[in-house]
Amino acid sequence: REAGAKVIGPAVSLPEAMRIAGDTAQIDAAVLNIDLNGVTVFPLADELLARGIRIMFLTGYADSNIPAEYAAVPCCKKPTGSACVIDELKALLRPVAA
């Protein structure tokens, strides 16, 4: 919100996050906390990536706890301020050169 984005969450569980994502036709980018109430968010990450939606992680997890297939996903480590999230979102939303 601070950077002018329309926020469609938060979701406190994976089922809730999956429902929100499924009910929202247009998502430009998503900030995903890796741990949603004790459950990892990777199934949602896979769904969003399959839809061509750019994602980033916000987490307290160490890099070694993030599966290798997500190595290219930007990540802000907790605790962090909003600047990291805003900067990463701006980078995600930049047009991709053809």
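Strands here are DSSP runs of E with at least two residues, numbered from the N terminus. By that reading, Cys76 sits in strand β5. The model behind every panel is a predicted one.

**Figure 1. Close-up of Cys76 in strand β5.** Cys76 has a relative accessibility of 0%, so this residue counts as buried. Leave out anything up to four places away in sequence, and Cys76 still touches Met56, Phe57, Leu58 and Thr59, along with Cys84, Val85 and Glu88. Look for Asp87 as well: 11 residues separate Asp87 from Cys76 in sequence, and their C-alpha atoms are 9.8 Å apart in space.

**Figure 2. Close-up of Thr59 in strand β4.** Is Thr59 buried or exposed? Its relative accessibility is 1%, and since the cut-off for buried is under 20%, Thr59 counts as buried. Setting aside neighbours within four places in sequence, the contacts of Thr59 include a run of Cys75, Cys76, Lys77 and Lys78. Asn33, Ile34 and Ile66 are also in contact with Thr59. The Cys76 contact turns up in the Cys76 list too, where Thr59 is one of the residues touched.

**Figure 3. Close-up of the Phe42 and Phe57 rings.** Searching the whole structure turns up three aromatic pairs. In one of them, the ring centres of Phe42 and Phe57 are 5.9 Å apart with the planes at 85°, which makes the pair edge-to-face, because planes over 60 degrees apart count that way. Phe42 belongs to helix α2 (residues 42–50) and Phe57 to strand β4 (residues 54–59), so this pair, 15 residues apart, links distant parts of the chain. Phe42 counts as buried at 11% relative accessibility, and Phe57 counts as buried at 1%.

**Figure 4. Close-up of the Phe57 and Tyr70 rings.** The ring of Phe57, buried at 1% relative accessibility, also pairs with that of Tyr70: centres 5.7 Å apart, planes at 80°, so edge-to-face again. With Phe57 in strand β4 and Tyr70 in the loop between β4 and β5 (75–77), the pair ties together parts that are 13 residues apart in sequence. Tyr70 is buried too, at a relative accessible area of 4%. Put the ring pairs together and Phe42, Phe57 and Tyr70 are linked into a cluster.

**Figure 5. Close-up of Tyr70 in the loop between β4 and β5.** Which residues does Tyr70 contact, leaving aside neighbours within four places in sequence? Phe42 and Phe57 are there, and so are Ala45, Asp46 and Leu49. For Ala83 the picture is one of distance: Ala83 and Tyr70 are 13 residues apart in sequence and 22 Å apart in space, C-alpha to C-alpha.

**Figure 6. Close-up of helices α1 and α2.** Helix α1 (residues 14–23) and α2 have axes that come within 9 Å and cross at roughly 15°. Angles under 35 degrees count as roughly parallel, and α1 and α2 are therefore roughly parallel to each other. Their crossing is right-handed. On the α1 side, Leu14, Ala17, Met18, Ala21 and Gly22 make the contact; on the α2 side, Pro43, Leu44, Glu47 and Leu48 do. Sorted by character, the residues of this contact come out as seven nonpolar, one polar and one charged.

Notes: Residues are numbered from 1 along each chain as its sequence is written. This is a predicted model: local features need pLDDT of at least 70, side-chain atom pairs count only at pLDDT 80 or more; totals for chains, interfaces and linings use all residues. Side-chain values use heavy atoms; hydrogens and water are left out. Rings of Phe, Tyr and Trp (its six-membered ring) pair if their centres lie within 6.5 Å; planes under 30 degrees apart count as stacked, over 60 as edge-to-face and the rest as tilted. Helices (H or I, at least four residues) and strands (E, at least two) are DSSP runs, numbered from the N terminus. Buried means under 20% relative accessible area, exposed over 50%, partly exposed in between (1.4 Å probe, protein chains only). Axes are lines fitted to C-alpha atoms, for helices over the stretch in contact, and angles run from 0 to 180 degrees between N-to-C directions. Angles under 35 degrees count as roughly parallel, over 145 as roughly antiparallel, 65 to 115 as roughly perpendicular and the rest as oblique. A crossing is left-handed if the near helix is turned anticlockwise from the far one by less than a right angle, and right-handed if clockwise. Contact means heavy atoms within 4.5 Å. Ala, Val, Leu, Ile, Met, Phe, Trp, Tyr, Cys and Pro count as nonpolar, Asp, Glu, Lys and Arg as charged, and the others, Gly among them, as polar.
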